[in-house]
Amino acid sequence: MSSTKITNIDAVELQEGIQNAAFHEDDDDTSNASSSREQQATSVSVTRPEENEYTQIKPYAGMPKEVLMLYSRKACYRVPREIIFWLIIACTLALIAMTITIVALSPRCMSWWQLSPVYQVYPRSFKDSNADGVGDLKGIKEKLSHFEYLNIKAVWISPFYKSPMRDFGYDVEDFRQIDPIFGTMEDFDELLASMHDKGLKLIMDYIPNHTSDKHIWFQLSRNGTEPYKDYYIWVNCTRDKPPNNWVSVFGNSTWEYDEVRQQCYFHQFLKEQPDLNYRNPRVIEEMTDIIHFWLKKGVDGFRMDAVKHMLEATHLRNEPQVDPDQDPSTVDTEFELFHDYTYTQQGLHEILTNWRIDLDAYSREPGRYRFMVIECYDYEEIDKTMRYYGTSYVTESDFPFNFYLLYLPDDLSGNQAKSLVHLWMSNMPKGKWPNWVVGNHDKPRIGSSAGTEYIRAINMLLLTLPGTPTTYYGEEIGMVNVNVSVIQDPFGQHDPSNSRDPQRTPMQWDDKLNAGFSDSENGTWLDIAPDYSTVNVELQQADAHSTVSQYRALSLLRGAELALSRGWFCFVWSDVNVFAYLRELDGLNKAFLVVLNFGEDTTTDLSSVTELPDTLTVHLSTVPISQKTFTKSRIPTSRGQGMLLEYSTNQRFHLNHASECSVSEKACYLPALDILYKC
Ligand code: GLC
């Protein structure tokens, strides 16, 4: 293509362009000048097609590309364009750099199960909506405001599946149905929807180890119907000779002779709770489907019941006796054998990690994390408990329940509190999240085992330790064990000293009929505690210094103060009376010292703790005190008193006392920007 040819085309097109109405309109008042420019431009373009030859002509809409290109090369268009171009590049790079920096420096966000205490509802005892004397799902829905009042976001509800209630719901007849005593599936859906509306999470109880003997699987298994024949553990035996010496958690042999199948089946709890056979892949599939069923309904997590019992050795050898000299025929309780062949068998963690994967698949939407907590009592074998956190390579549960504080009353003292807290913190795998339990439906209420004067200090301990506290219903008002008139618990019927009824009595809402728990005129399923007229929610809410008001204040504070929710935890003192620790966060000058008295009246001298300032301000005391500040060398506490002291400092204790301190979700505070960053 010759340059002459291009020039000619340019000239022709330009000529057409000159006739463009818009162009003329713009130049109405200078038509002469314009036409002379047209002539100039036309003649110039024919003879010398260079950029500056077009300076006389304004750009106009619809001009041909070639002309446009000539204009665009002019400095007055090119320079601003290039400036804008480079500015866009620079801004984009800056944005990318900023995003990378923010992502790299942001500490991990904490999930809902880390931010709130977990509150355990025992549904039979929380609130009865239909006056039959037993709590139900509608009742729980009526009382959701209680969780809001307590600043609690996570609620674990003990089982409400269809059940013959031999073990009050832990014997499940149908995992996909609600027991009529608790309501209907509609009631459940409404409860869940209302909870979600209020920003509350619902954790279900999931019972993998066993079903009820009324479950259809067991009915079909006992008469040998396929594929259910091996859904349970069946072994040949005679009516009076069990296959081995294994004993049930609830006492006596784990084997029960079944007249229908003429074999023995295995049960780690009641004989009405036959153990599922997890060596059968179909059982795993069935139980996994049930998890999916509830996840699809939208539940936010599971408390996995009694998992260490899920597998047993197939060789069926006798378990070793704790006392080898004991007459074997007298061995009939769990504590008389070493459970080498019936607890925590190989393969258990694989099943649990696979369920974790199922939960993860439903956790992808923001804010919809599905939580897993394990129930496992391993007594002195803490490493077995810690294994439920998973390994460096595989995640398992978010945490296994930490039941060690239940042993606080065994030797109530500052030293015992410290050693139990230390036990968990020093054994927990690095980077994992701690948790604390001081009561549940299986254990005596802490107020009874420790003494009522210690309830508030124990609640303060629970809510100021790092990690997730679990509160059993009623602990927030200081409910205690009740000597019930008629034992309902089957375990208690077998051994009254082990009855769990005393800790399961109805929630005390007010001082009216049945403590506001039920409108029943025929009594309630367990007796109402005699102290309900003074120990109840309504009365305590009206008193700013009550147990429930203090619980609420601490729960709110825990949510509001970074030092408490994700700061360092450091031991500073323990003796026979007092346990003291501090909570601090790098970059934040506000810190807290917690002083708890688990013994007698005393004065603690913390002057050796040089990082503490001389003066500490009382933020909350569990007993009324007039003094607003204390010097660190003289901190008096009375029997059962808990004090939360606040102070300001720029010295960090953890920097000089690494072995006394730990932190789980480490972050530093930047006061200038009021943000947290990874450090
Ligand atoms: C768990 C429950 C307990 C129940 C047992 C058998 O330990 O907490 O209440 O009796 O499992 O299901």
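Colleague: Let me start with strand β10: which way do F371, M372, V373 and I374 point, and are they buried or exposed?

Modeller: Keep in mind that we are reading a predicted model. The general idea is that side chains in a regular strand alternate between the two faces of the sheet. In β10, residues 371–374, F371 and V373 point one way while M372 and I374 point the other way. All four are buried.

Colleague: What is β10 joined to on the β9 side, and how do the two run?

Modeller: Strands of a sheet pair through backbone hydrogen bonds, either parallel or antiparallel. Here β9, residues 301–304, is joined to β10 by four bridges, and the two run parallel. If you want a spot to look at, find G301, which stands opposite F371 in β10.

Colleague: What is the strand order in the open sheet of eight strands?

Modeller: Read across the sheet, the order is β11-β10-β9-β5-β2-β1-β13-β12, with parallel pairing. The edges are β11 (399–400) and β12 (435–437); each has a single partner strand, so one side of each is left without a neighbour in the sheet. For another pairing, go to β1, residues 118–121, which runs parallel to β2 and is joined to it by four bridges. There, V118 stands opposite A154 in β2.

Colleague: And how does the pairing go in the open sheet of three strands?

Modeller: That one is antiparallel, in the order β6-β8-β7. Its edge strands are β6 (234–235) and β7 (255–258); each has a single partner, so one side of each has no neighbour in the sheet. Two bridges join β6 to β8, residues 263–266. To see a facing pair, look at V235, which stands opposite C264 in β8.

Colleague: On to charges. How many salt bridges does the count come to?

Modeller: The count comes to 28 salt bridges. When I read one, I check the distance, then where each partner sits, then the cover over each side chain. Take R303 and D205, whose side chains meet at 2.8 Å, N to O. This pair links distant parts of the chain: R303 is in strand β9 and D205 in strand β5 (residues 201–206), 98 residues apart.

Colleague: Why do R303 and D205 count as buried?

Modeller: Buried means under 20% relative accessible area. R303 counts as buried because its relative accessibility is 2%. D205 makes the cut too, because its value is 1%.

Colleague: Which residues are linked in a network of salt bridges?

Modeller: The network links D167, D442, D489, R500 and R504. Within it, the side chains of D489 and R500 meet in a salt bridge of 2.9 Å, N to O. D489 lies in the loop between β13 (468–472) and α18 (490–494), and R500 in the loop between α18 and α19 (537–541), 11 residues apart. D489 is buried at 0% relative accessible area, and R500 is buried at 6%.

Colleague: What about K590 and E561: how far apart are their closest N and O atoms?

Modeller: Those atoms are 2.7 Å apart, in a salt bridge. K590 is in strand β16 (residues 590–597), while E561 is in the loop between α20 (547–560) and α21 (562–566), 29 residues away along the chain. The cover reads like this: K590 is partly exposed, at 29% relative accessible area, whereas E561 is buried, at 12%.

Colleague: Now a polar residue. Where is S158, and is it buried or exposed?

Modeller: S158 lies in the loop between β2 (154–157) and β3 (161–162). S158 is buried, with a relative accessible area of 0%. For a polar side chain, I then look for a polar partner. The side chain of S158 makes a polar contact with the side chain of Y170, at 3.4 Å. Leaving out residues up to four places away in sequence, S158 touches Q120, V121, Y122, P123, Y170, D205 and H441. You'll recognise D205 from the salt bridge with R303.

Colleague: Last one, the surface. Which residues make the nonpolar patch?

Modeller: The patch is made by F85, W86, I89, L93, I96 and I100, and covers about 630 Å². To find W86, go to helix α5, residues 75–105.

Colleague: Why does W86 count as exposed?

Modeller: The cut-off for exposed is over 50% relative accessible area. W86 counts as exposed because its relative accessibility is 54%.

Definitions and conventions
Residues numbered from 1 in each chain as written. Predicted model: local features only at pLDDT ≥ 70, side-chain atom pairs only at ≥ 80, totals over all residues. Heavy atoms only, no water. Patch = residues over 30% accessible without salt bridge, like charges linked within 9 Å, V, L, I, M, F, W, Y side chains within 5 Å. Areas by Shrake-Rupley, 256 points an atom, 1.4 Å probe, with all protein chains shown as cover. Salt bridge = Lys/Arg side-chain N within 4 Å of Asp/Glu carboxyl O. Buried < 20%, exposed > 50% of the residue type's maximum accessible area, 1.4 Å probe, protein only. Polar contact = N/O pair within 3.5 Å; in protein donor to acceptor, adjacent residues only side chain to side chain. Contact = heavy atoms within 4.5 Å. Pairing = 2+ DSSP bridges.
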